[in-house]
Amino acid sequence: MPAYNPHGHPIIDEDHPVSIFGTGYIPRDFSAYPLAPLKCSRKFSEPLFTDAEIQEIIDFKDANNAWLTDIEDRAGLPRKNQQESSYCWIHAPVHLMELDMVVANEPMRELSAFYAGALIKNGRNQGGSGIQGIEWLAEHGTCLQSLHLPMDFSTHNSVEAIANASLHKIIGHVDIEPDNERAIWTQVCKDQGVTVGIPKWGHEVGIVRLRWDKKAGRPRYIIDNSWGMEWGKAGRGELAGAYEIFDEAGSVSTSSPGVG
Amino acid sequence: MKRIRSLMTPVVFLAVMAAAMSAEPEQRKTGTLIEIKSTPPSGSEVDWTVLEPDDLEFRIYDGGQTFVTTALSKTGMVRILEIVFTPGPDGKLLKVKKLNEFMVGPPPIPKPIVLPTATLTTDVSSMLTSDLKPANLTWETSPPEVKVQLNTGDGPKDVDNNGSTVVLPQRTTLYTLSATDSAGRTAYSQTIITVSDKPPPDVIPPGPILKQGVRVLIVYDADTKQRLPASQRNMLMSITFRDYLDSVCVKGSTGQADARMYGSDVAGLIGPDQPELREMAKLERKSLPWIVVSPGKGTVGFSGLLPLDEAATKALIERYR
């Protein structure tokens, strides 16, 4: 039986593990991709929120529906669905791009994670790490999902898709020490989702909200998963225990102002 | 004026000058040579006046042979004497017969006149009678030699050239700073602190000319968002603020309200399908967070700092609806 947090999100921890072990997340190779390896990357270096500040922000956002999840729901942006693919590592950053657009109050657009994933993996259904996806998305972008459908692993790259992808790029990436939990809390408190690789789960997801755990005296992570709207509570869940240990963390701080 | 009388013979005189030259040889290397050609007889007495002895040397000839040399020690406009010697009654004494003044060298560059300057500022320009508070007056003057006085309403008082002081105005007060140089030239600077029962009128600066139709563009720095006041941070994520924007702004080509809140300077990347927002994004932003509002009526919009909270921002937008 899954446990639920006060908001109704299922808690994923050792006592309540997910039934499916992800096959999509391959831990980041830090020799090939050290911290902030990309032209668009920078290391997280901002002042950290204190516990008191985080608590205050959580209380305010809970009371005023001011979380990324609230903006997401207001815009009608659904959680992504990687289906039977191993493409969690590209779905997580693409979803944060979609989220960044609705935070800017742009029209809601569903972007194709499979377009970028298939081209990166040359048509193979393979795991990867978020930084590989961010590298591609910063250089080439990705097209609207209507131009490249889910579970389409083809590498056919039309002129239209290339042109459309160029309008949806990551132009700012904040790379975070994966064990710097306060940096992750701070990012989420200032409304930037964080993609994290979870070795315990073999999965990459996006953290989009926090919950203050009074008993533990610390925040908990609420995620947007990429297993569709049917999973968890409308595609969201809460991480706990070994599932809170990450070996990759980063934010899509800015994506292109989308057009088309 | 310097008057030198010599009763030395020319031979003795030459010896004295030579000793002086060797003592201060560097003084002989500069200047423009002026020659005064006359021929005092041997053993004669010479009587002359030198107006600027430090600038002059003389050459006095004895039968074509120089035995006393003089030269200008510096360039510039210098008065010198032309001395014409004539024998005295005893046939030995030479007296000055004629004095002429010469201008030698280029005219000197006059020293620039340094006028005094004074700057007086305050950190509070107005306050309410019900909320009197201290204000800082700060001043600077130049050049350092000026005499500086500050009048805070009870007469001028000497103060340091640069400084600050705290005042507590009870009524509207004009503060005057003066800086006076030795020639009596004075510079003034004034500042006023207004004390009134009513708040000062909220003056809307002239805005940019924009296409008619309410549109709102906000640009902030997402990376440093936590440094913003909480009220601004909250506004940027407020559902009620977004609902308000969607209700008052015109719809773009996609049907979405033309209201955007970008977390970085991506404005240059706004596509041609959003031409009005693109134009708004081209306006200069002096700092972040920044807001541009295009007008619902007329063509004059607003471009300026983002107000501190949702209510103030809505009030700003309402002015342009």
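## Around strand β8 of chain A

Let's begin with one pair of residues: A:Ile12 has A:Leu239 in β8(A) as its bridge partner. The structure you are looking at is a predicted model, and this pair is a good place to start exploring it. A:Ile12 belongs to a pairing between strand β2 (residues 10-12) of chain A and β8(A), which run in the parallel sense and share 2 bridges. Strand β7 (residues 218-224) of chain A also pairs with β8(A), here antiparallel and through 4 bridges. Two of the residue pairs are A:Ile223 with A:Gly237 of β8(A), and A:Asp224 with A:Arg236 of β8(A).

Which way do the residues of β8(A) point? In a regular strand, side chains alternate between the two faces of the sheet. In strand β8 (residues 236-239) of chain A, A:Arg236 and A:Glu238 point one way, while A:Gly237 and A:Leu239 point the other way. All of these residues are buried.

## From β7 to β6

Now follow β7(A) to another partner. Strand β6 (residues 203-213) of chain A pairs with β7(A) in the antiparallel sense, over 7 bridges. Here A:Leu210 finds its bridge partner in A:Tyr221 of β7(A). The two strands, β6(A) and β7(A), make a hairpin with 4 residues between them. In the turn, A:Gly217 has a positive phi of about 70°.

How many residues of β7(A) are buried? The count is 6 of its 7 residues, so this strand is mostly covered.

## Chain A as a whole

Stepping back, chain A contains 7 helices and 9 strands. Of its 260 residues, 53% are buried. If you take contacts in chain A between residues at least 6 apart in sequence, 73% of them join residues at least 24 apart.

Two of the helices offer a nice packing example. Helix packing is described by the angle between the two axes and the distance between them. For α2(A) and helix α3 (residues 88-103) of chain A, the angle is about 80° and the axes are 9 Å apart. That is why α2(A) counts as roughly perpendicular to α3(A). On the α2(A) side, the residues that meet α3(A) are A:Leu68, A:Ile71, A:Glu72 and A:Ala75; on the α3(A) side they are A:Leu99, A:Val102 and A:Val103. By class, this contact has 6 nonpolar residues, no polar ones and 1 charged residue.

## A loop residue in chain A

Where is A:His156? Look in the loop between α5 (130-139) and α6 (159-165) of chain A. A:His156 is exposed, because just 11 other C-beta atoms lie within 10 Å, and a residue counts as exposed at 12 or fewer. Its C-alpha atom is separated by 9.2 Å from that of A:Ala118, although the two residues are 38 apart along the chain.

## Where the two chains meet

At the interface, 27 residues of chain A are in contact with 25 residues of chain B. The elements of chain A that each supply at least two residues to this side are α1 (51-64), α2 (68-75), β4 (170-176) and β9 (248-255). Sorted by class, the side of chain A that touches chain B has 12 nonpolar, 9 polar and 6 charged residues.

A helix of chain B gives another view of this meeting. In helix α3 (residues 239-248) of chain B, B:Phe241, B:Arg242 and B:Leu245 are buried. Seen down the axis of α3(B), these buried residues fall within an arc of 100°, so they line one face of the helix. The face turned away from that buried side carries B:Asp243 and B:Ser247, which are exposed. What covers the buried residues? The cover includes α2 of chain A, together with β17 (215-219), α2 (230-236), β18 (259-262) and α5 (310-319) of chain B.

## Chain B and its open sheet

Chain B has 5 helices and 20 strands, and buried residues make up 25% of its 321 residues. Among its contacts between residues at least 6 apart in sequence, 62% join residues at least 24 apart.

One sheet of chain B is open, with 5 strands in the order β10-β16-β15-β12-β13 and mixed pairing. Its edges are β10 (126-128) and β13 (156-158), each with a single partner strand, so one side of each has no neighbour in the sheet. On average, neighbouring strands here are turned by 20° against each other, ignoring direction. Within this chain, strand β12 (residues 147-151) and strand β15 (residues 173-180) run antiparallel and are joined by 5 bridges. B:Gln149 stands opposite B:Ser178 in β15(B).

Conventions:
Residues numbered from 1 in each chain as written. Chains lettered and ligands numbered in written order. Contact = placed C-beta atoms within 7 Å. Nonpolar A, V, L, I, M, F, W, Y, C, P; charged D, E, K, R; others polar. Buried ≥ 20, exposed ≤ 12 C-beta atoms within 10 Å, placed from the backbone. Axes fitted to C-alpha atoms, helices over the stretch in contact; angles between N-to-C directions. Parallel < 35°, antiparallel > 145°, perpendicular 65-115°, else oblique. Pairing = 2+ DSSP bridges. Arc of directions from axis to C-beta.
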